[in-house]
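Welcome, and please have a look at the model below. This short briefing walks through strand pairing and burial.

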Amino acid sequence: KAFDTLKQTKEYSYIYNHANKWHSDCALVFYHCDATKRVGFTASKKVGNAIKRNLAKRRLRAIFLEIQDSLREGVYVFVAKEKMNHQSYETLKKGIVWSMKKLDCLRE
């Protein structure tokens, strides 16, 4: 089963306050161990205008779709950082995978 999307502000707030987090160069990753499979992507105005924010979220979503089969169940939130759109896709992916290892949410 694929991951559902987080939609409400209160869902994001709960994850921000209760989940484990890890900073990479390009993104902040939150992981909360849960029986559900949900994911959310955000980018603040620091990332840039709407076009740049949407690009950042699309890139995060693409990376997540590539690695989702190797992830444990739970809730994931990816927050794009300012540097996000200045790095190559491979660099971004390495940073995200490293974050997942550090958060211990990769399946063995």
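Which residue is the bridge partner of Tyr31 in β5? It is Tyr76. This is a predicted model, and the notes below start from strand β5 (residues 74-80) and work outwards to the elements around it.

**Strand β5 and its cover**
- β5 is mostly covered, with seven of its seven residues buried.
- On one side of β5 sit Gly74, Tyr76, Phe78 and Ala80, on the other Val75, Val77 and Val79, and all of these are buried.
- As a reminder, side chains in a regular strand alternate between the two faces of the sheet.

**Partners of β5**
- Strand β3 (residues 27-33) pairs with β5 in the antiparallel sense, over seven bridges. One of the residue pairs is Tyr31 with Tyr76.
- β4 and β5 run parallel and are joined by seven bridges.
- Two of the contacts can be named: Lys37 has Gly74 as its bridge partner in β5, and Arg38 has Val75.

**Strand β4 and its other neighbour**
- Strand β4 (residues 37-43) is mostly covered too, as six of its seven residues are buried.
- Strand β1 (residues 4-5) runs parallel to β4, and two bridges join them.
- Within that pairing, Thr5 stands opposite Val39 in β4.

**The connection through a helix**
- β4, helix α2 (residues 50-67) and β5 together make a β-α-β unit, and this unit is left-handed.
- The two strands of that unit are the parallel pair described above, β4 and β5.

How values were computed: Residues numbered from 1 in each chain as written. Predicted model: local features only at pLDDT ≥ 70, side-chain atom pairs only at ≥ 80, totals over all residues. Heavy atoms only, no water. Buried < 20%, exposed > 50% of the residue type's maximum accessible area, 1.4 Å probe, protein only. Helix = DSSP H or I, 4+ residues; strand = E, 2+ residues; numbered from the N terminus. Pairing = 2+ DSSP bridges. Right-handed = clockwise from strand over helix to strand, strands pointing away.
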